[in-house]
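This report describes the ligand surroundings, one pocket and the nonpolar core of a single model. The sequence and the structure are shown first.

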Amino acid sequence: MLRKILSPDTCAACRLCCGFDCTDTWEFPVLPPETVKAMQEMGVSPKLTPAGTEQTFAAPSLQGEELFLCPMLSDTGCTMGEQKPFDCKIWPFRMMRDLSGRVRIAAAAYCPGMERYTDAQ
Ligand code: SF4
Ligand code: SF4
């Protein structure tokens with residue numbers, strides 16, 4: 001979450017991007033070792049699975065609209081503070097490579113906090 005464009009209050013009231021249904025478990029954040037360590041120090045040891053050279057949450061079997069909520073999510077939002085995974089820090093943007101290998105930045109169209117911005121903004 002980028003504080004310059006989204007307020008913590010907006011995200012605490014929404015929390016949409018911290019819940020995953022069966023169609024978007026591929027969007028689980030990548031968890032580098034220091035993030036896993038920070039989670040464990042906070043007393044949270046979720047089931048993990050490899051994601052390249054790092055790890056991510058092990059996807060549970062989800063049916064229909066059933067949601068997997070990130071184990072670091074609380075009623076008031078993310079509990080990870082500055083230890084938040086990079087993927088989450090830059091949300092609602094995503095960095096990706098196109099087929100030619102060029103890096104692209106995309107914005108998540110479904111993020112309610114982005115509704116007040118035009119494409120140009
Ligand atoms: S979807 Fe957007 S507004 Fe909602 S919690 Fe995520 S970043 Fe915040
Ligand atoms: S680490 Fe925090 S911001 Fe990222 S998905 Fe989990 S609760 Fe949401």
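Which residues surround ligand 1? They are Leu-6, Cys-11, Cys-14, Arg-15, Leu-16, Cys-17, Trp-91, Cys-111, Pro-112 and Gly-113, where a residue is near a molecule if one of its heavy atoms lies within 4 Å of it.

This is a predicted model, in which local features need pLDDT of at least 70 and side-chain atom pairs count only at pLDDT 80 or more, whereas totals for chains, interfaces and linings use all residues. Residues are numbered from 1 along each chain as its sequence is written, chains are lettered from A and ligands numbered from 1 in the order in which they are written, and side-chain values use heavy atoms, with hydrogens and water left out.

Ligand 2 is surrounded by Cys-18, Cys-70, Met-72, Leu-73, Cys-78, Lys-84, Pro-85 and Cys-88. The table gives the classes, with Ala, Val, Leu, Ile, Met, Phe, Trp, Tyr, Cys and Pro counted as nonpolar, Asp, Glu, Lys and Arg as charged, and the others, Gly among them, as polar.

| Shell | Nonpolar | Polar | Charged |
|---|---|---|---|
| Ligand 1 | 8 residues | 1 residue | 1 residue |
| Ligand 2 | 7 residues | no residues | 1 residue |

Met-72, from the shell of ligand 2, is also among the residues that touch the most other members of the largest nonpolar core, which has 13 residues; such a core is a set of buried (under 20% relative accessible area, 1.4 Å probe, protein chains only) Ala, Val, Leu, Ile, Met, Phe, Trp, Tyr and Cys residues joined through side-chain atoms within 4.5 Å. Phe-28 is another of these residues, and its contacts (heavy atoms within 4.5 Å), not counting residues up to four places away in sequence, include Phe-20, Phe-57, Phe-68 and Asp-87.

Key
Buried < 20%, exposed > 50% of the residue type's maximum accessible area, 1.4 Å probe, protein only.
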